[in-house]
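Reader: I am new to this structure and would love a close look at one part of it, the nonpolar core. Could you walk me through it and then show me what lies around it?

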Amino acid sequence: IGNDLQKLVLSFPHLFCFRHFESVIDLQHIVRFAFPDRRKDYVSSLQKAVALLLSKRLDKSEQCSNWGERPLTASQITYATMDAAVCHRLFYRVLDAVSNLEDNKKDLQDILHKMSHLRQSIRIRILDDHDDNGDDNNETLDEDGNSAQTMVYKVVNGSIRHSMSHKYSKQVWPSGKHPAPPPPEKVAFSDLPQGQKREKKNAGTKERRRVTEV
């Protein structure tokens, strides 16, 4: 679900309502919790989850169709509807499995409380990038055009990423257990803790550069 949220934010960068999500439960995480003996790739896709947990086949043939063309076809609408509706059934199927692990306690609130560590808050923020080279670093120049100080983004509980022609930060933290981390801020590279400097420097030209507070 994390990738879906990122695409939602980057597709509609002007809508601030899509930039902060609370109590997000990723299906893959709770499946691993409910079926601890299974391999991590037990549910590597929604289609596989439906097949394994509901014994049904989810038709994904419309996934790569042209979603930019209007109007949408009846087949596309059906696909979109099923893709969303099936998650509800999968969630309760997993809850049944969890309740069996928890001494047959069927109370939904009790089960969700036990799975509270699986609820995440996610903040995605599109960053202003004044670099011509697409780097994460910005240099502040003095009046003579000399480099005065390299500036970098400090992202607590997250990282800087690039996708869909955007540079953005993604922060993830447990919902309800810890206060929200501060939004990304630009700081002088020299002011970063030594561990962060080393991590930033080693990132080189990789697409994903992580600057995490220690």
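**A close look at the core**

Author: Happy to! A search of the whole structure, which is a predicted model, turns up 3 aromatic pairs. One of them joins Trp-67 and Tyr-79, whose rings are tilted at 50° between the planes and lie 5.8 Å apart, centre to centre. This pair links distant parts of the chain, since Trp-67 belongs to the loop between H3 and H4 while Tyr-79 is in helix H4, 12 residues apart. Are the two partners buried or exposed? Trp-67 has a relative accessible area of 27%, so Trp-67 counts as partly exposed. Tyr-79 is buried, because its relative accessible area is 11% and the cut-off for buried is under 20%.

Helix H4 is a good way into the part you asked about. The largest nonpolar core holds 22 residues, and Leu-27, Val-31, Leu-90 and Val-94 have the most contacts inside it. At least two residues of this core come from each of helix H2 (27–34), helix H3 (46–54) and helix H4 (74–101). Of these, H4 gives the most, with 7 residues. In soluble globular proteins, nonpolar side chains tend to be buried together.

Which residues does Val-94 touch, if we skip those up to four places away in sequence? They are Leu-27, Ile-30, Val-31, Ala-34 and Leu-53. Apart from this core there is another one, made of 9 residues, including Val-9, Phe-21, Ile-122 and Ile-124.

Now look at Leu-54, which is found in helix H3. Its relative accessibility is 16%, so Leu-54 counts as buried. Leaving aside neighbours within four places in sequence, Leu-54 is in contact with Ala-49, Val-86, Arg-89, Leu-90 and Arg-93. Take the last of these: Leu-54 and Arg-93 are 39 residues apart in sequence, yet 7.8 Å separates them in space, C-alpha to C-alpha. Leu-90, another contact of Leu-54, is also one of the residues with the most contacts inside the largest core.

Next come the empty spaces. The count comes to 1 cavity of 30 Å³ or more, and the largest cavity encloses about 30 Å³ of space. Its lining is formed by Gln-28, Val-31, Arg-32, Arg-39, Lys-40, Tyr-42 and Val-43. You have met Val-31 already, as one of the residues with the most contacts inside the largest core.

The largest pocket has a volume of about 1,200 Å³. It is lined by 26 residues, and Ile-1, Asp-4, Leu-46, Lys-60 and Asp-83 lie nearest its centre. Helix H1 (2–11), H2, H3 and H4 are the elements that give two or more residues to this lining. H2, H3 and H4 also each supply at least two residues of the largest core.

One more side-chain detail is worth finding on your screen. The charged end of Arg-19 sits over the ring of Phe-16, 4.3 Å from the ring's centre.

Finally, let us step back to the whole chain. How many helices and strands does the chain have? There are 6 helices and 7 strands, and from the N terminus on they run α-β-α-α-α-α-β-β-β-β-β-β-α. Of the chain's 214 residues, 36% count as buried. Among contacts with a separation of 6 or more, 59% are between residues 24 or more positions apart.

How values were computed
Residues numbered from 1 in each chain as written. Predicted model: local features only at pLDDT ≥ 70, side-chain atom pairs only at ≥ 80, totals over all residues. Heavy atoms only, no water. Core = buried A, V, L, I, M, F, W, Y, C linked by side-chain atoms within 4.5 Å. Buried < 20%, exposed > 50% of the residue type's maximum accessible area, 1.4 Å probe, protein only. Helix = DSSP H or I, 4+ residues; strand = E, 2+ residues; numbered from the N terminus. Contact = heavy atoms within 4.5 Å. Phe/Tyr/Trp six-rings, centres within 6.5 Å; stacked < 30°, edge-to-face > 60°. Lys NZ or Arg CZ within 6 Å of the ring centre and 35° of its normal. 1 Å grid on protein atoms, 1.4 Å probe; cavity = no way out; pocket = protein on both sides within 12 Å on 5 of 7 lines; lining within 4 Å. Points joined across faces, edges and corners; volume = space filled by probe spheres on them.
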